[in-house]
Amino acid sequence: MDILVIEQVWAIVLFLLGAFVLNTCSRLERKEQEFLKDPRNRYGKRKSDMVKPKTLRGTLMTLTGTGLCLSGMILFVMHV
């Protein structure tokens, strides 16, 4: 393999973009979990009230990141 074709370059870009989206989503979810673990933020609230619902943003970011990574891998392997 002497040089990458343009489709492989796009595949690498898609994969890295997907990895960035997944990393950002993970970082945001960890920050929200740390906020909910702090006892000062839970004072006076029942434990059942503090159950964090699944957010649409997290779901969309996860699906988008996974799709980008998967399509990047498939596109790269198709043009090997």
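User: How is a contact defined here, and what share of contacts between residues at least 6 apart in sequence join residues at least 24 apart?

Analyst: Contact means heavy atoms within 4.5 Å. In the protein chain, among contacts between residues at least 6 apart in sequence, 80% join residues at least 24 apart. This is a predicted model, in which local features need pLDDT of at least 70 and side-chain atom pairs count only at pLDDT 80 or more, while totals for chains, interfaces and linings use all residues. Residues are numbered from 1 along each chain as its sequence is written, and side-chain values use heavy atoms, with hydrogens and water left out.

User: Which secondary structure elements does the protein chain contain?

Analyst: Helices (H or I, at least four residues) and strands (E, at least two) are DSSP runs, numbered from the N terminus. The protein chain has three helices and zero strands, in the order α-α-α from the N terminus on.

User: How should the packing of α1 and α3 be read?

Analyst: Two packed helices are described by the angle between their axes and the distance between the axes. Axes are lines fitted to C-alpha atoms, for helices over the stretch in contact, and angles run from 0 to 180 degrees between N-to-C directions. Here α1 and α3 pack at an angle of about 155°, with their axes 7 Å apart. That makes α1 roughly antiparallel to α3, a term for angles over 145 degrees. The residues of this contact divide into 17 nonpolar (Ala, Val, Leu, Ile, Met, Phe, Trp, Tyr, Cys and Pro), nine polar (the others, Gly among them) and four charged (Asp, Glu, Lys and Arg).

User: How many salt bridges are there, and which side chains meet?

Analyst: Side chains of opposite charge can pair when their charged atoms come close. A salt bridge is a side-chain nitrogen of Lys or Arg within 4 Å of a carboxyl oxygen of Asp or Glu. The count by this rule is one. The side chains of Glu32 and Arg57 form a salt bridge at 2.8 Å, N to O. This pair links distant parts of the chain, 25 residues apart: Glu32 belongs to helix α1 (residues 6–37) and Arg57 to helix α3 (residues 56–78).

User: Are Glu32, Arg57 and Met78 buried, partly exposed or exposed?

Analyst: Buried means under 20% relative accessible area, exposed over 50%, and partly exposed in between (1.4 Å probe, protein chains only). Glu32 is partly exposed at 25%, and Arg57 is partly exposed at 39%. Met78, in helix α3, counts as exposed at 59%. Of the 80 residues of the protein chain, 16% count as buried.

Methods
Parallel < 35°, antiparallel > 145°, perpendicular 65-115°, else oblique.
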